[in-house]
There are 2 protein chains.
Amino acid sequence: MNRQIRLKSRPDGMPSADNFEIVDAPMPPVSDGDVLRRTTYLSLDPYMRGRMSAAPSYAAPVNINDVMCGHTVSQVVESRNPGFQPGDLVAGYDGWQQYAASNGKDLRKLDPAGAPISTAIGVLGMPGATAFVGLLDIGQPKPGETVVVSAASGAVGSIVGQLAKVKGCRAVGVAGSAEKCRYVVEELGFDACINYKTDDLVPALRAACPQGIDIYFENVGGKVFAAVLRVLNRNARIPLCGMIAEYNATSDPGGPNLRPLLVHRALIKGFIVSDHNDRLPAFLKEMTPLVREGRIKYREDIVDGLDAAPSALIGLFEGKNFGKMLVRVSSDPAGGQG
Amino acid sequence: MNRQIRLKSRPDGMPSADNFEIVDAPMPPVSDGDVLRRTTYLSLDPYMRGRMSAAPSYAAPVNINDVMCGHTVSQVVESRNPGFQPGDLVAGYDGWQQYAASNGKDLRKLDPAGAPISTAIGVLGMPGATAFVGLLDIGQPKPGETVVVSAASGAVGSIVGQLAKVKGCRAVGVAGSAEKCRYVVEELGFDACINYKTDDLVPALRAACPQGIDIYFENVGGKVFAAVLRVLNRNARIPLCGMIAEYNATSDPGGPNLRPLLVHRALIKGFIVSDHNDRLPAFLKEMTPLVREGRIKYREDIVDGLDAAPSALIGLFEGKNFGKMLVRVSSDPAGGQG
């Protein structure tokens with residue numbers, strides 16, 4: 001049997017367990033040319049909230065009764081395709097299920113000697129590429145500039161700040177607990193971190209950014225964004241990659257007044273990493289050694305078993321995760337800790 | 001005597017006549033190397049509201065008891081500078097007064113045979129350059145795209161739409177009366193114009209922009225901006241040059257939710273035309289023949305006499321002007337109608 005989690009109903013506000021249905025489906029058929037694989041890791045990411053809604057967004061919604069979407073790391077268990085062997089480790093987009101089959105064009109083979117395979121959907125996957133494209137291509141950091149990133153201990157934010165340090169910038173995080181802030185500064189090497197739940201944001205930003213903010217990597221929306229606008233430098237850049245604080249809003253949350261953009265000649269640019277696949281080779285070439293050398297660290301928050309995915313996704317919107325949120329759907333064949 | 005209008009007090013909300021003081025000052029001294037000139041036209045522009053406030057902005061405020069700032073066209077009446085002759089017509093930044101003197105480095109000589117001299121502070125001056133830089137450099141219009149501009153009958157908006165047509169785009173205006181809308185379509189050649197006071201903005205924008213909005217030239221802020229965000233195309237560009245609807249707000253007017261920027265990968269870029277003086281030669285080279293050939297039209301709304309400036313500026317914030325707002329401080333020596 002192939003256990004799957006399907007979208008049962010669309011949430012109104014915060015998703016709940018009722019929006020999901022756990023189903024034991026038949027194994028997918030394997031036709032000539034196909035590759036059957038077993039999911040090892042499933043990535044849980046904020047964008048999934050958008051796919052649960054019918055509202056127009058940058059990608060089509062998941063249909064009711066369809067398997068929830070998601071990036072995965074898997075192991076090939078049967079191959080009728082000469083390009084794949086049983087035992088191969090692959091990254092794909094198989095969603096919330098134990099098994100998937102396809103012709104393999106949607107798969108990328110992984111080398112478990114290169115890095116733990118879970119990184120293919122984390123620091124060396126979509127979240128890492130999001131940090132890379134947003135910070136470097138839109139943010140265009142210059143040595144000595146100040147970069148602020150929200151959700152700083154998360155999958156994307158943690159990479160943004162460390163990459164900013166690699167580029168010679170001052171990195172300032174914003175996170176939701178003292179523990180996360182400590183981690184961001186002490187483990188990841190950010191210069192400072194602000195606790196948005198307890199700190200008075202504007203004075204805290206001014207103190208942490210004595211030379212103002214040149215780049216704000218926008219991950220969350222809400223009051224952090226509004227505060228940042230008051231501390232911008234001239235010609236500041238704001239790559240806008242997500243607004244997790246607002247994804248579960250049931251009424252229009254509005255936004256900050258944008259006059260600071262005019263006063264400071266600032267730029268905001270929304271982006272979706274999947275538009276920038278041409279940057280993936282450069283991303284992997286630059287990031288892989290940084291990760292291997294430990295200059296860019298990552299932290300994973302792993303829950304075990306597919307059935308844990310719904311509550312883990314809800315926890316992501318509540319800021320309960322600490323690091324990249326992953327589901328270990330089956331044991332890691334490469335022996336990684338995730 | 002040199003009649004001047006000085007800033008007497010800072011407005012709270014909409015300026016009133018009480019914020020200004022009319023003073024008959026002595027004539028300015030003319031030292032060796034100086035040029036004395038008499039103001040012909042004074043330009044009234046929305047940015048002046050920012051200069052009346054003490055709040056930090058992109059330029060220093062006018063100090064209390066200082067002459068109000070402003071772009072001017074003047075005629076030289078006395079020159080102790082070999083570069084200028086009495087009778088020369090010049091554009092400068094002499095502010096709200098009848099006479100000014102300086103060493104002339106802040107002056108640009110005008111050729112009255114080239115275009116009516118009032119255009120040097122209008123279609124061929126700062127407002128025209130604002131339209132040019134914002135639309136072309138930030139907006140990057142491509143033939144067939146749709147350009148929407150607010151305050152479409154005004155000094156900047158009217159040029160944005162006509163320049164969009166020159167570049168092969170669909171031009172859609174937003175203005176505050178049926179008469180202004182008629183002018184924008186029938187005289188200026190826009191494809192459509194929406195009356196923001198009477199039309200339901202989102203459906204009206206969808207009807208006027210059947211292929212969506214590629215560029216929104218943001219002049220006003222407020223509800224027009226919020227509506228436009230709902231009709232954006234992928235990779236839309238929003239040059240942000242002003243927010244006149246909000247300049248007199250006495251509490252934070254907030255703003256629209258920015259999630260559409262993410263969904264549509266849109267860009268907002270604030271800009272101040274004075275940062276782009278390197279573009280002035282290209283601007284004049286391209287725009288002067290377009291104006292001379294009548295391919296770009298302009299309309300001036302002229303009040304007579306310096307004393308009329310305060311009420312005319314207030315009218316600008318109330319949308320009472322129809323075209324570029326000018327004060328004729330003294331009769332036009334080139335015989336122009338303004």
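**A two-chain model, from one helix to the interface**

Hi everyone, let's begin with one helix. In chain A, helix α2 covers residues 126-139, and 12 of its 14 residues are buried, so the helix is largely enclosed by the rest of the structure. Please keep in mind that we are looking at a predicted model.

Which residues of α2(A) are buried? They are A:Met126, A:Pro127, A:Gly128, A:Ala129, A:Thr130, A:Ala131, A:Phe132, A:Val133, A:Gly134, A:Leu135, A:Ile138 and A:Gly139. Right after α2(A) comes A:Gln140, whose phi is positive, at about 50°.

Now let's step back to the whole of chain A. The chain is divided into two domains: domain 1 takes in 2-118 + 299-328, while domain 2 is 126-275. Taken over C-alpha atoms, the centres of domain 1 and domain 2 of chain A are 28 Å apart. In the contact there are 14 residues from domain 1 of chain A and 13 residues from domain 2 of chain A. On the domain 1 side of that contact in chain A, five residues are nonpolar, five are polar and four are charged.

On to the pair of chains. Chain A can be superposed on chain B by a rotation of 180° with 0.0 Å of shift along the axis, and the RMSD is 0.0 Å. That is the relation of a two-fold axis.

How many residues of chain A are in contact with chain B? There are 27, and they meet 27 residues of chain B. Two elements of chain A, α7 (259-263) and β13 (267-270), each supply at least two residues of the side that touches chain B. That side of chain A divides into 14 nonpolar, seven polar and six charged residues. Of the interface residues of chain A, 100% are also interface residues in chain B, so the copies meet through the same surface.

Have a look at the strands there. β13(A) and β13 of chain B, residues 267-270, run antiparallel and are joined by three bridges. Within this pairing, A:Ile268 stands opposite B:Ile268 in β13(B).

Last stop: B:Pro260, which lies in helix α7 of chain B. Is B:Pro260 buried or partly exposed? B:Pro260 has 19 C-beta neighbours inside 10 Å, and a residue needs 20 or more to be buried, so B:Pro260 counts as partly exposed. Apart from neighbours within four places in sequence, B:Pro260 is in contact with B:Leu229, B:Arg230, B:Leu232 and B:Ala266. B:Arg230 is 30 residues from B:Pro260 in sequence, yet their C-alpha atoms are 6.8 Å apart in space.

Thanks for listening!

Key:
Residues numbered from 1 in each chain as written. Chains lettered and ligands numbered in written order. Predicted model: local features only at pLDDT ≥ 70, side-chain atom pairs only at ≥ 80, totals over all residues. Least-squares fit on C-alpha atoms with pLDDT ≥ 70 in both. Contact = placed C-beta atoms within 7 Å. Buried ≥ 20, exposed ≤ 12 C-beta atoms within 10 Å, placed from the backbone. Helix = DSSP H or I, 4+ residues; strand = E, 2+ residues; numbered from the N terminus. Domains from an automatic or database assignment. Nonpolar A, V, L, I, M, F, W, Y, C, P; charged D, E, K, R; others polar. Pairing = 2+ DSSP bridges.
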